[in-house]
Amino acid sequence: MLRNIPANMQGYKLMVTEPPQPKMRENDNGMQEIATDRNGVQQFVVSLFAKRKAQPGEFAGKGEEIRVTLTADPGDGFEEGTYVQLIDATVSHWENNGRSGLSFKANGLTPAGADLSAAA
């Protein structure tokens, strides 16, 4: 299975549709709990509207909402409507009970147009 493939999102505008919040999962007892990675580090999730940047004379087409798991708390300043860039974004294919899809992950967020080398 393909996992953690680097994803170049530079050709897309990414707008926050749901601000970052702790990622939750259902435990064996059916209760919601904070999701952590294998090392016990808390995970976060943000919903973004991703739309391809159109070149002059092109039609950008429709966009799509994606949920991105963040490996660290991105901090404040990422409210609904904020344009952002993902830091070290990856994509993985998943399959479960006859369903499949793509999952997105990133090491963090930075405001659109910021210098990613300084944010990393």
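## One helix, ten strands

The chain's secondary structure adds up to one helix and 10 strands; helices (H or I, at least four residues) and strands (E, at least two) are DSSP runs, numbered from the N terminus. Reading from the N terminus, the elements go β-β-β-β-β-β-β-β-β-β-α. What you're looking at is a predicted model, where local features need pLDDT of at least 70, side-chain atom pairs count only at pLDDT 80 or more, and totals for chains, interfaces and linings use all residues. Residues are numbered from 1 along each chain as its sequence is written, and side-chain values use heavy atoms, with hydrogens and water left out.

The C-alpha trace spans about 55 × 35 × 25 Å along its principal axes. Of the chain's 120 residues, 30% count as buried, which is to say under 20% relative accessible area (exposed is over 50%, and partly exposed is in between, with a 1.4 Å probe and protein chains only). Among the contacts (heavy atoms within 4.5 Å) with a separation of 6 or more, 60% come from residues 24 or more positions apart.

## The sheet

Eight strands make up an open sheet with mixed pairing, in the order 1-8-9-6-5-2-7-10. Its edge strands are strand 1 (5-6) and strand 10 (108-111), each pairing on one side only. Two strands count as paired if DSSP finds at least two bridges between them. As for how this works in general, strands of a sheet pair through backbone hydrogen bonds, either parallel or antiparallel.

Let's walk across it. Strand 1 and strand 8 run antiparallel and are joined by two bridges, with isoleucine 5 opposite valine 91 in strand 8. Strand 8 and strand 9 are also antiparallel, joined by seven bridges, and here glutamate 95 stands opposite serine 100 in strand 9. Then comes a parallel pair: strand 6 and strand 9 share three bridges, and threonine 69 has lysine 105 as its bridge partner in strand 9.

Further along, strand 5 and strand 6 (residues 64-70) run antiparallel with seven bridges between them; alanine 50 has glutamate 64 as its partner in strand 6. Strand 2 (residues 12-22) and strand 5 (residues 44-52) are antiparallel too, pairing over eight bridges, and glutamate 18 is matched with serine 47 in strand 5.

## Three loops to look at

Start with alanine 7, in the loop between strand 1 and strand 2. Its C-alpha atom is separated by 9.6 Å from that of serine 92, although the two residues are 85 apart along the chain. Neighbours within four places in sequence aside, alanine 7 is in contact with Ala89, Thr90 and Val91.

Threonine 82 belongs to the loop between strand 6 and strand 7 (83-87). Its side chain reaches the backbone oxygen of glutamate 79 at 2.7 Å. Not counting residues up to four places away in sequence, threonine 82 touches Leu14, Met15, Val16 and Gly77.

Aspartate 88 sits in the loop between strand 7 and strand 8. Its phi is near 50°, a positive value in a residue other than glycine. With 52% relative accessibility, aspartate 88 counts as exposed.

## The turn between strands 8 and 9

Asparagine 97 also has a positive phi near 50°, again in a residue other than glycine. It lies in the loop between strand 8 and strand 9, a hairpin that has two residues between the strands. Is asparagine 97 buried or exposed? Asparagine 97 is exposed, with a relative accessible area of 76%.

## The largest pocket

The largest pocket has a volume of about 520 Å³. On a 1 Å grid over the protein atoms alone, a pocket is an open set of points where a 1.4 Å probe fits, with protein on both sides within 12 Å along at least five of seven lines, and lining residues have an atom within 4 Å of a point. Grid points are joined across faces, edges and corners, and the volume is the space filled by probe spheres set on them.

The lining counts 19 residues, and the closest to the centre are Arg3, Lys23, Gln43, Thr69 and Lys105. Strand 3 (24-26), strand 8 (90-96) and strand 9 (99-106) each supply at least two lining residues, with strand 8 giving the most, four. By class, the lining has four nonpolar, nine polar and six charged residues. Here Ala, Val, Leu, Ile, Met, Phe, Trp, Tyr, Cys and Pro count as nonpolar, Asp, Glu, Lys and Arg as charged, and the others, Gly among them, as polar.

Note on methods:
Polar contact = N/O pair within 3.5 Å; in protein donor to acceptor, adjacent residues only side chain to side chain.
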